[in-house]
Amino acid sequence: MTDEIPPAPTPPFRTERLILRDFREDDFDDVHAYAVDPEVVRYMDWGPNTPEVTRQYLSLALQQQAERPSQVLNLAIEHAAERRVIGSIRLEVKDPANRTADIGYSIHRPYWRQGLVAEGARRLLEVAFRDMGLHRVFATCDARNRGSWRVMEKIGMRREGLLRKANRRRDGWQDTLLYAVLAEEWG
Ligand SMILES: CC(C)(COP(=O)(O)OP(=O)(O)OC[C@H]1O[C@@H](n2cnc3c(N)ncnc32)[C@H](O)[C@@H]1OP(=O)(O)O)[C@@H](O)C(=O)NCCC(=O)NCCS
C-alpha cells in the first residue's frame, strides 16, 4: 500500500496577496527581521536568532530547495504588494506510507491578524491534496498559541487532541494541540 506520492510541484504559488516562493540569499534582512523577534518565536522551538543562525537557516533552505524533486516545501512568504518576505511556510511529507504531511508557518509581527497565514496555508493544502494526492495534513502548536490554532480552524482542520506536556519549551513542559484535515473533507 505504498504507492508513490507525486513530488511537490515547483513553486512559486500565488494567492490573492502572497507569493509562496523559494528563498533567495538576498532575503536575509527580511527573514532576520522576524526571526529575531521574541514575540514571533515565543512558542517556537527556535530563536530568537542571532545573525549567524539566520544565515545557517537560509543556507539550509537554499540547499534543500536545490534537491528537487522533493516532498518538502519550505517556502518564503512574500507580500506581493510590498515585494518583501514577511514569513515562512512549510509542507513536509512526514509519513509517505500513509500519505501524511504536516504544515507549519510563521510571519512577522506587523502582518499578524490580517488573515495572511490562513491564505498561504490554504494554498499549500491545495498543493497537498490536489497536486500531491495526500490523504491527511496535520499541524501542531503550543496550546497557548491561539493565533496558530485559529489558523488551523480557519483552513478547515479539526482539533483531534491535546497532547499533555508533549513539548519542552523555553518555559517548561507544555501541552500541544493536534489538528488535521483529510482529503475527503477538503475543498
Ligand atoms: C500564529 C500566526 C501564524 C497567526 O497568523 P495570522 O496571519 O496572524 O492569522 P490570522 O490573521 O488568520 O488570524 C487567525 C486568528 O488568530 C487570531 N490571532 C492572531 N494572532 C493572535 C495572537 N497573537 N494572539 C491571539 N490571537 C491571535 C486572530 O485574531 C484570528 O482570530 P479570529 O479568526 O477568531 O478572528 C502568527 O501570529 C505568527 O506567525 N506567530 C508567530 C509564529 C508562530 O507562532 N507560528 C505558529 C507556530 S505553530
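Which residue in β8 is the bridge partner of R136? I looked this up in a predicted model. The partner of R136 in β8 is L182.

**Entry: the two neighbours of β6**

I then took β6 as a whole, which covers residues 136-142. I found β6 paired with strand β8, residues 172-182, in the antiparallel sense. Seven bridges join β6 and β8.

Next I checked the pairing with strand β5, residues 100-107. Here β5 and β6 run in the parallel sense, and I noted three bridges between them. One bridge links T100 to R136 of β6. R136 therefore came up twice in my notes, with T100 as a partner and with L182 of β8 as a partner. 

I followed the chain from β5 to β6 and passed through helix α3, residues 116-131. This β-α-β crossover is right-handed.

**Entry: cover on β6**

Is β6 mostly covered or mostly open? I found β6 mostly covered, with six of its seven residues buried.

**Entry: around the ligand**

I turned to the ligand and found 22 residues surrounding it. The closest are S106, V117, C141, G147 and R150. The elements that give two or more residues to this shell are β5, α3 and α4, the last spanning 146-154.

Which element gives the most to the shell around the ligand? I noted α4, with six residues.

I also sorted the shell by residue type. The residues divide into 11 nonpolar, seven polar and four charged.

Key: Residues numbered from 1 in each chain as written. Predicted model: local features only at pLDDT ≥ 70, side-chain atom pairs only at ≥ 80, totals over all residues. Buried ≥ 20, exposed ≤ 12 C-beta atoms within 10 Å, placed from the backbone. Helix = DSSP H or I, 4+ residues; strand = E, 2+ residues; numbered from the N terminus. Pairing = 2+ DSSP bridges. Right-handed = clockwise from strand over helix to strand, strands pointing away. Near = placed C-beta within 6 Å. Nonpolar A, V, L, I, M, F, W, Y, C, P; charged D, E, K, R; others polar.
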